[in-house]
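Got the viewer open? Here is a short tour, one selection at a time.

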Amino acid sequence: MAVNEDYALPCGRDVDTIWDRLDRDTDEHDQDCPHCRTAREGLLALRSATRELIDEPDPTPPDLLGRIMSAVRAEVRRGQMLDLASAEPGGVAVSTQAIAVVLRYAADSAGGVRARRVRVRQVGVDAAGAAQVAAELTLTVRLGNSAGAETLARVRELVSAAATARVGITLVSLNLLVEDVYEDGE
Amino acid sequence: MTSEYVIAAPVVAGVAARAAAGTAGVVRLEPGLRGLAAALVRAARDRWTGLAAAPAEGVRVRTADGKLTVEVDVVVSGIDQAAAVGQAVQRSVRREVAAQTGRTVDAVQVSIVDIEMEAR
């Protein structure tokens with residue numbers, strides 16, 4: 001059965017392959033790869049859930065669609081995780097989408113400018129084990145802003161500060177691309 | 001006489017979920033697709049048994065080579081630093097699981113899937 005046509009895991013295997021092999025013996029990669037293991041457990045849970053629900057003719061739980069959509073959104077956000085520093089056994093990771101939310105919010109609070117696209121990628125690891133991040137923000141600036149350079153400097157300051165204070169990562173580079181202008185009241 | 005206590009994974013998951021959700025800075029746990037599937041199974045089982053199990057959505061418990069690992073997926077508030085909240089969740093899960101079940105958690109992996117900023 002095809003689960004998804006081209007849903008590749010970060011390790012290179014796709015979910016289809018894992019679904020097909022669900023009842024067969026696992027190979028070494030299946031056992032060692034965290035992505036495959038997680039996907040496998042998820043598919044097994046999903047399969048047993050659907051079987052039990054089919055066996056159980058009760059009405060579907062309330063708000064099922066909402067819960068499924070929220071779960072799907074969470075899976076998408078989980079896409080890429082970056083490590084944060086932690087002294088405890090285990091680890092703390094944050095999704096790049098979550099970082100983008102914080103950076104966008106910080107840029108918007110500079111005033112006279114709005115953030116559009118935010119790209120976040122890992123470029124290294126610092127001494128504490130936290131990801132070092134390069135960010136790129138695409139901005140639109142308010143038309144008639146005579147202090148454009150100052151505004152951009154403020155954006156730079158606020159975004160770097162937010163990365164440290166609100167997430168706990170260091171930005172090693174921050175590129176601002178001014179792509180468009182907007183008028184007040186827009 | 002020797003006696004052995006076995007604390008099942010769902011117990012650890014339930015305690016861990018409650019500890020994580022109660023940590024300052026955590027907005028909610030995020031179940032994801034697998035957690036949702038597990039929750040549906042549990043809801044069906046609850047109807048048969050008449051017992052409501054403690055919610056553990058957003059928490060996975062693994063045992064490998066005798067080591068107990070708890071994975072927690074959370075959404076945190078943007079007011080606090082995500083890294084600090086993550087560490088607080090790790091500490092609180094280890095502490096509560098040890099206090100309530102006697103089991104030592106070897107590692108807690110916290111995944112922050114989203115950060116909620118206050119509305120402007």
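Start by selecting residues 96–108 of chain A: this is helix H5, and it lies across strands E3 and E4 of chain A. Its direction runs at about 135° to E3(A). Keep in mind as you click around that this is a predicted model.

Next, add residues 148–167 of chain A. That is helix H6, which packs on the sheet and touches E3, E4 and E5 of chain A. Sight along the helix and then along E5(A): the two directions make about 140°.

Now hide the helices and look at the sheet itself. What is the strand order? In chain A, 3 strands form an open sheet that reads E3-E4-E5, with mixed pairing. The edges are E3 (113–125) and E5 (170–182) of chain A, each of which pairs on one side only. Going from one strand to the next, the twist averages 15°.

Zoom in on E3(A) and its partner E4(A), residues 131–142. These two pair in the antiparallel sense, over 10 bridges. For one rung of that ladder, pick A:Arg119: its bridge partner in E4(A) is A:Glu136.

Time to colour by nonpolar core. The largest one has 61 residues, and the ones with the most contacts inside it are A:Leu103, B:Ala16, B:Ala20 and B:Val72. The helix you began with, H5(A), gives the most to this core, with 8 residues. In soluble globular proteins, nonpolar side chains tend to be buried together.

From there, centre on B:Ala16. Leaving out residues up to four places away in sequence, what does B:Ala16 touch? You should find B:Val59, B:Val70, B:Val72, B:Val93 and B:Val97 around B:Ala16.

Stay in chain B and show helix H1 (residues 9–21) with helix H3 (residues 82–101). They pack at an angle of about 135°, with their axes 8 Å apart, which makes H1(B) oblique to H3(B). The contact includes B:Val11, B:Val12, B:Val15 and B:Ala16 from H1(B), and B:Val89, B:Ser92, B:Val93 and B:Glu96 from H3(B). Rotate until one helix sits in front of the other, and you have a right-handed crossing.

Finally, zoom out to chain B as a whole. How many helices and strands does chain B have? There are 3 helices and 4 strands, and along the sequence they follow the pattern α-β-α-β-β-α-β. Of the 120 residues in chain B, 46% are buried. Among its contacts between residues at least 6 apart in sequence, 74% join residues at least 24 apart.

Notes: Residues are numbered from 1 along each chain as its sequence is written. Chains are lettered from A and ligands numbered from 1 in the order in which they are written. This is a predicted model: local features need pLDDT of at least 70, side-chain atom pairs count only at pLDDT 80 or more; totals for chains, interfaces and linings use all residues. Two strands pair if DSSP finds at least two bridges between them. Axes are lines fitted to C-alpha atoms, for helices over the stretch in contact, and angles run from 0 to 180 degrees between N-to-C directions. Two residues are in contact if their C-beta atoms, placed from the backbone, lie within 7 Å. A nonpolar core is a set of buried Ala, Val, Leu, Ile, Met, Phe, Trp, Tyr and Cys residues joined through C-beta atoms within 7 Å. A residue is buried if 20 or more other C-beta atoms lie within 10 Å of its own, exposed if 12 or fewer, and partly exposed in between; C-beta atoms are placed from the backbone. Angles under 35 degrees count as roughly parallel, over 145 as roughly antiparallel, 65 to 115 as roughly perpendicular and the rest as oblique. A crossing is left-handed if the near helix is turned anticlockwise from the far one by less than a right angle, and right-handed if clockwise.
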